[in-house]
Every structure is written in C-alpha cells, then in structure tokens.
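Me: I have a new model on my screen and would like to understand the terms used for it. Could you go through them with me?

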Amino acid sequence: MRLVKLIANLGYGSRKEITQAIKNGWVTDRAGNTLKKDSTTPHEDILLDDEPLDPPEGLVLIMNKPLGYTCSKKDIGKLVYDLLPERFRVRKPALSTVGRLDKDTSGALIFTDDGQLLHRISSPKSNVSKVYEVELDRPLDGTEVDLFASGTLMLDSETTPLKPAELEVLGEKSARLTLHEGRYHQVRRMFAATGNHVTSLHRSKIGGLSADMAEEGGYKILSADEVEKVFGSPEKA
C-alpha cells in the first residue's frame, strides 16, 4: 500500500493532508530519514511527527468501559468512541465494538477492525465466556445457583432456554455470574426472573482477558497472543 493511503487509512488525515505532511518532512523512519510517497519502509519503522504509527489493519483493543457511556457511534450523549483517539473513529476499515455493554454497565469491551475476528468472537460456536460482577437490590434466596445452571431458565419473550451459567455467591446481595452466550440485557433479565433487581453490573472478563488490563476509561492495544486469550477460559478470581 502506498505511504499516503496507508497513513490516511489510519485516520491521521485526508490523503491531501498526508501528502502535504510528507512534503513537509514530517514522515520519517526510525533512523531519521525523510520518507517519500513511494517509500516501502515497514509499517513498524514509520514515524509521523516522531511518533510511531498506530497498528495497521487488524487492530484489536480492550477498553475498561466506565458507566454512562453508550456503545454507539451516533447516539446522543457520551459514547465509548469518545474515549479513544479521534483518528480511531475514521480508520479504514472501521473500528467496531464486539458486542455491547449498556450505558449502566461497566467493564471489558473489545474493539476491532477485523470483521472475521469480530464474527469469530461473537459466534456461539466459539463459546467465549463473559464474567460479570453483580450487586442486587434484595438478598439472594439460595435457589439461583441451581436455576441458572439448569439450562432450563426461559426469559420473557424468548423461545429457547438459556445455556447453563455458573453463579458464585459472594455476599448476601452480591455474586459473580459466568455466561456462555450473549442475549439482550441477559444478566438483568435473569435476576429479574427470580424477582430481584440488578443495581450494579460490571463485566470483569471476556474469555481469558480482564477489564483491569486497562484503567477505567482507558484502553490497551492487544498483541496477537493476547487476542487468542479471548478464546481461553477466565482464571478464577
């Protein structure tokens, strides 16, 4: 890929703006050599304003999403994309969230511009687990562990029962729930089916990746080895 198109696709500016940046000598290699439009320097050795470029196509990152942000590019209000560098919003191919967390849920959220990877993580065949830390309005009544593990729980408006899920009781009104599917507002609806109400919800893990890999409101770009951990089992807390 030509240098101008490469840098423009990463969101650093229009092709016209990148062409001018090259003419101005702002694009160099690690040895300090000024690059030209037809340079074939490896991506990892290209600098713009003395800073390395963002990763190329295939970017994957994990965010520790705070409360109050919506997983959307167009909704009114605070959006998860506002927590990323502005150029990430205009990368080509586009960066998208893998699934969603609602505005009132915090925790692990994966982004990628790799459509095949997004599909692989989201596919039921991958059986990617998600771990949630839950605070409740009322004390647990002792029946939830067996009910959630039974594989028979049917939610309102659903036509198939939920897959078995593991519930670990942490306190009178707190628990850790591990799911192996992702239905709409599933955790909240599961506890609503028991007559309880979720007051606080945090997704602590996706597969073998943890929300605390990044600070709250921050993100971490994942290596290839880290991406594969998505398909591993979460370690016990």
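Reply: Gladly! This is a predicted model. A good place to begin is the largest pocket: 32 residues line it, and Arg100, Tyr132, Gly182, Arg183 and Arg203 lie nearest its centre. The space in this pocket is about 690 Å³.

Me: What makes a residue part of the lining of the largest pocket?

Reply: A lining residue has an atom within 4 Å of a pocket point. The lining has 32 residues, and strand E6 (105–112), helix H3 (115–122), strand E7 (130–136), helix H5 (186–192) and strand E10 (198–206) each supply at least two residues of it.

Me: Which classes do the lining residues fall into?

Reply: There are 13 nonpolar, 10 polar and nine charged residues in the lining. Arg counts as charged, Tyr as nonpolar and Gly as polar.

Me: How do you know that E1 and E2 pair?

Reply: Two strands pair if there are at least two bridges between them. Three bridges join E1 to strand E2 (residues 46–48), so the two count as paired, and they run antiparallel. Asp29, for instance, stands opposite Ile46 in E2.

Me: Why are strand E1 (27–29) and strand E3 (51–52) called edge strands?

Reply: The open sheet has the order E1-E2-E3, with antiparallel pairing. E1 and E3 each pair on one side only, and they are the edge strands.

Me: What makes strand E8 and strand E9 a pair?

Reply: Strand E8 (residues 166–171) and strand E9 (residues 174–179) share five bridges in the antiparallel sense, and the cut-off is at least two, so they pair. A hairpin joins E8 to E9 through two residues, and Gly171 stands opposite Ser174 in E9.

How values were computed
Residues are numbered from 1 along each chain as its sequence is written. This is a predicted model: local features need pLDDT of at least 70, side-chain atom pairs count only at pLDDT 80 or more; totals for chains, interfaces and linings use all residues. Side-chain values use heavy atoms; hydrogens and water are left out. On a 1 Å grid over the protein atoms alone, a cavity is a set of points where a 1.4 Å probe fits but cannot get out, and a pocket is an open set with protein on both sides within 12 Å along at least five of seven lines; lining residues have an atom within 4 Å of a point. Grid points are joined across faces, edges and corners, and a volume is the space filled by probe spheres set on the points. Helices (H or I, at least four residues) and strands (E, at least two) are DSSP runs, numbered from the N terminus.
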